[in-house]
Amino acid sequence: MKIVRYEHRGTVGYGLWREGFIHPVAGRLFDSLSETGERLPEAEVRLLSPLRPNKLIAIGLNYREHAKEQGKPLPEEPLLFLVSPTAVVGPGDAIRLPTLEHRIDHEAELAVVIGRGGKDIPREKAEEYIFGYTCANDVSNRVLQARDGQNTRAKSFDTFKPLGPAIATELDPSDLSVCCRVNGEIRQDGRTSDMIHAVPALVEFISSVFPLEPGDVILTGTPSGVGPLRPGDLVEVTVEGIGTLSNRVEAE
Ligand code: MG
């Protein structure tokens, strides 16, 4: 199923997304959701980011071709860092560039939504802790990334982490297409099968360092083809089985 968070006439809720309608649900996101029986036409709601993450965990250089284009060696262990969850916005929200002097890139990514908490989760059991998957754009200021020698500032500006449009459950993450278009032109076109460290291995690695908790989101890295965003661009991230996350770029 595909779960969305939406706003309709001032009310925010969760719903199941199917056949052009949002079917509102009651209950708690990671426990039990039941349909209320209502039905809202898709065109009448505004989709929001599917959640405001508890922790936002990201992995750098997790696709072979992207590590090559960045001129970096393949990391032997997942390259782990944290991003501020306040950077998250939803589908249709603007990505605001705080400066036009710096190169600021799109990074299309598969995002993992954790539904159950745990520490030291073996990769064979990772699936039991994953609630579903969504699309992410890991917008990155390359100048600050190089200047700082780490990622926190470069990736945590307001609006730099679009998520959505839906959380897809029952999805096998091992070989999905991950695509980015800018103004309709394909910039990134990869497959999750090219990841150096696959999703179950990431869950094992991260949870060996700190606990994963319900509502945590893992950005799993980006395929090759990253490139700069400019004011007025329409950037679309599509992950197979989830949908398309569209955002317009604006100067702040
Ligand atoms: Mg990234």
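Donors are N, O and S atoms within 2.8 Å of the metal, and water is not among the atoms, so the site may look incomplete. The model analysed here is predicted. Its magnesium ion has donors that follow the spacing E-x1-E-x28-D along the chain. The residues concerned are E107, E109 and D138. The two glutamates coordinate through OE and the aspartate through OD. Distances run from 2.0 to 2.1 Å. E109 lies in strand β12, residues 108–114. D138 lies in the loop between β13 (130–137) and β14 (140–141). The pair E109 and D138 therefore ties together parts that are 29 residues apart in sequence. E109 is buried, and D138 is buried too.

Salt bridges were examined next. Side chains of opposite charge can pair when their charged atoms come close. The count comes to 19 salt bridges. Three of them are described here, starting with R28 and D31. The side chains of R28 and D31 meet at 2.8 Å, N to O. R28 is exposed, with a relative accessible area of 59%. D31 is exposed as well, at 57% relative accessibility.

The salt bridge between R142 and D105 has an N to O distance of 2.8 Å. R142 lies in helix α2, which covers residues 142–148. D105 lies in strand β11, residues 104–106. The two residues are 37 apart in sequence, so the bridge ties together separate parts of the chain. Both ends are on the buried side of the cut-off, which is under 20% relative accessible area. R142 has a relative accessible area of 13% and is therefore buried. D105 is buried at 0%.

E128 and R116 form a further salt bridge, at 3.4 Å, N to O. E128 and R116 lie in the loop between β12 and β13, so this pair ties together parts that are twelve residues apart in sequence. E128 is partly exposed, with a relative accessible area of 45%. R116 is also partly exposed, at 40% relative accessibility. Salt bridges that share partners join R103, D105, E107, D138, R142, K155 and K161 into one network. E107 and D138 of this network are also among the residues that coordinate the magnesium ion.

Aromatic contacts were then considered. A pair of aromatic rings is described by the distance of the centres and the angle of the planes. A search of the whole structure finds two aromatic pairs. F30 and F131 form an edge-to-face pair. Their centres are 5.0 Å apart, with 85° between the planes. This pair links distant parts of the chain, 101 residues apart. F30 sits in the loop between β3 (21–27) and β4 (33–35), while F131 belongs to strand β13. F30 is partly exposed, at 23% relative accessibility. F131 is buried, at 16%.

F157 and F160 form a tilted pair. The distance is 5.4 Å centre to centre, and the angle between the planes is 55°. F157 counts as partly exposed at 26% relative accessibility. F160 is buried, with a relative accessible area of 0%.

Arginine also meets aromatic faces in this model. R39 lies over the face of F21, at 3.7 Å from the ring centre. R116 lies over the face of Y129, at 4.3 Å from the ring centre. R116 thus has a ring contact with Y129 and a salt bridge with E128.

Definitions and conventions: Residues numbered from 1 in each chain as written. Predicted model: local features only at pLDDT ≥ 70, side-chain atom pairs only at ≥ 80, totals over all residues. Heavy atoms only, no water. Donors = N, O, S within 2.8 Å, 3.2 Å for Na, K, Ca; no water. Helix = DSSP H or I, 4+ residues; strand = E, 2+ residues; numbered from the N terminus. Buried < 20%, exposed > 50% of the residue type's maximum accessible area, 1.4 Å probe, protein only. Salt bridge = Lys/Arg side-chain N within 4 Å of Asp/Glu carboxyl O. Phe/Tyr/Trp six-rings, centres within 6.5 Å; stacked < 30°, edge-to-face > 60°. Lys NZ or Arg CZ within 6 Å of the ring centre and 35° of its normal.
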